[in-house]
Amino acid sequence: MTTTATDVLYLKSYINGEWVEAENTVNVINPANQEVIATAPRMTKEQTEEAIQAARIAFDEGEWKNTTAKERSTILHAIANKIEERLEEFATLETQDNGKLYAEAEADVQDSIACFRYYAGIILHPDGETYHVPDNNVQAMVVKEPVGVAGLIVPWNFPLLMSVWKIAPALAAGNTIVYKPAEVTPVTAFKLFEILHELDLPKGVVNMVLGQGSIIGQTISESNDVDMVSFTGSTDVGRGIMRAAAGNLKKISLELGGKSPNIVFADADLEVAVDYGLFGIFLGAGQVCSSGSRILVQDTIYDAYVERYIERAEKIKVGPGLNPETNMGAIVSEAQMNSILGYIEKGKAEGATLKTGGYRLTDNGLDKGFFIAPTVFTDVTSDMTIVREEIFGPVVTIQKFSTEEEAVSLANDTDFGLAGGVFSNDGAKALRVIKQVRAGITWVNDYHPTYVEAPWGGYKQSGIGRSLGKYSLEEFQEVKQINIRLNVEPVGWFPQ
């Protein structure tokens, strides 16, 4: 693991097979110490439109959409191999760019490699189908085709991995892409496009536009030349993308916010439930869409759970992600840190009990970065802001319930439906409850494992569509029926 500072990187966008600069730039900082690690261009609306046109022409007039599945599979394997060769570089840059632990970043890179390889494999599987129709002289079939130009907009919490979750299936399906990484975390996106450039893909197939979401994301979402937008981020921004995409009724895939319940029954193993309760919220400093930010504990073990949870939470060492002794890293930006601190103040003002944390950490050199102590609230009610809204930080609420029915009611009392967990040694009860939780990603006696083979997405205001697995490939495909008449003769409907 590299722990020394890197030279400042000068990032560029990538449009129609060329590296492109912009008149205006912005500094990219390491949130652990506010050191500048890169400068990135702020592309304009006009430059974004150039990228869209490049992708449009490459799809409509180029050879990419006619490449074979085998050819695209070979390219995806090559991308995975090149990332693997530079794994430490990618993980170090991701840590410096985002603030997460090196171990977390390393796992993200490994998952990115696995994702490219998964889609390299799945596109070689048989797809399509034939079906019977009432006319024996008609052969009917279904084929799958690329959507066309796909706009891909990704968040800052998993800069590389969320990018790959979209780029891999989009390219596997034969689409061309216009891709926008988050403005605060563009470094590994640039490094990924270095690899794509080395592979000499046809011009216009892959395009990356760096800059502000209000300009670039809006332009991509509005464009009539974009056939689909896939976005991961906040629910509010997702609503804006839906409105913008309505112009040409483009296909949308949205993975949005969450306020996920983690239900602990009295018959659960207390130590296991506490351990996963910590992992569920403090992994990534709580900046994870599926974080278990609402822990619901049965009343008979509530006090014991809270006592042990606080004891463990106060032992978490917060610091720079490249320090091997760190257990939880930085908040991605000053703006995000201030937003989290604002939610903590709302929690106190609305009457919740702050059991631990709740403040910015500044001792031992942490004043140079954006760090918040692991924060735990109790004595909360379901109408409180900290229970209802996604905070996206290391802040958890612990609520009490008595019965199974109350646990389900509290779990589902949310506008979101992304994830949820149940802890119980009663297998039948655990399954019964998890089936009633209105969420798309769930675990029993576990929390957070994510598998490329499984669908990822939510109910209600947590989004539309699914990432990962065969489901993500299908998001980037259109389904066409083909009917072939075997006896070629006039239909005879009108008189001769």
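In the predicted model, helix α5 is largely enclosed by the rest of the structure, because 14 of its 14 residues are buried, that is, each has under 20% relative accessible area. The helix covers residues 159-172. At 1.5 Å a residue, its 14 residues should span 20 Å, and the C-alpha atoms at its ends are 20 Å apart, so the expected and modelled lengths agree. After α5 comes G174, which has a positive phi, near 100 degrees.

Helix α5 also takes part in one of the pockets. Together with α4 (102-122), α5 is an element that gives two or more residues to the lining of the second largest pocket. The volume of this pocket is about 500 Å³. Its lining consists of 24 residues, and those nearest its centre are D108, D111, F158, H448 and T450. The elements with two or more lining residues here are α4 and α5, and α4 makes the largest contribution, six residues. By class, the lining of the second largest pocket comprises 15 nonpolar, four polar and five charged residues.

The largest pocket holds about 1,100 Å³ of space. Its lining is made up of 46 residues, among which W156, F231, G233, S234 and V237 are the closest to the centre. Two or more lining residues come from each of α7 (213-222), β11 (228-232), α8 (235-245) and α11 (334-349). Of these, α8 supplies the largest share, seven residues. The lining of the largest pocket is divided among 19 nonpolar, 18 polar and nine charged residues.

Helix α11, one of the elements that line the largest pocket, contains G342. This glycine has a relative accessible area of 31% and is therefore partly exposed, since that class lies between the limits of 20% for buried and 50% for exposed residues. G342 and Q461 are 119 residues apart along the chain, and their C-alpha atoms are separated by 23 Å.

Apart from the pockets, the model contains four cavities of 30 Å³ or more. The largest cavity has about 70 Å³ of space. Thirteen residues form its lining, and G286, S291, S293, E390 and F392 lie nearest its centre. In this lining, six residues are nonpolar, five are polar and two are charged.

The second largest cavity has a volume of about 50 Å³. It is lined by 14 residues, with P261, T414, F416, G417 and R438 nearest the centre. Helix α13 (404-412) and strand β18 (416-417) are the elements that provide two or more residues to this lining. The classes represented in the lining of the second largest cavity are nonpolar, with seven residues, polar, with four, and charged, with three.

How values were computed:
Residues are numbered from 1 along each chain as its sequence is written. This is a predicted model: local features need pLDDT of at least 70, side-chain atom pairs count only at pLDDT 80 or more; totals for chains, interfaces and linings use all residues. Side-chain values use heavy atoms; hydrogens and water are left out. Helices (H or I, at least four residues) and strands (E, at least two) are DSSP runs, numbered from the N terminus. The expected span of a helix is 1.5 Å times one less than its number of residues. Buried means under 20% relative accessible area, exposed over 50%, partly exposed in between (1.4 Å probe, protein chains only). On a 1 Å grid over the protein atoms alone, a cavity is a set of points where a 1.4 Å probe fits but cannot get out, and a pocket is an open set with protein on both sides within 12 Å along at least five of seven lines; lining residues have an atom within 4 Å of a point. Grid points are joined across faces, edges and corners, and a volume is the space filled by probe spheres set on the points. Ala, Val, Leu, Ile, Met, Phe, Trp, Tyr, Cys and Pro count as nonpolar, Asp, Glu, Lys and Arg as charged, and the others, Gly among them, as polar.
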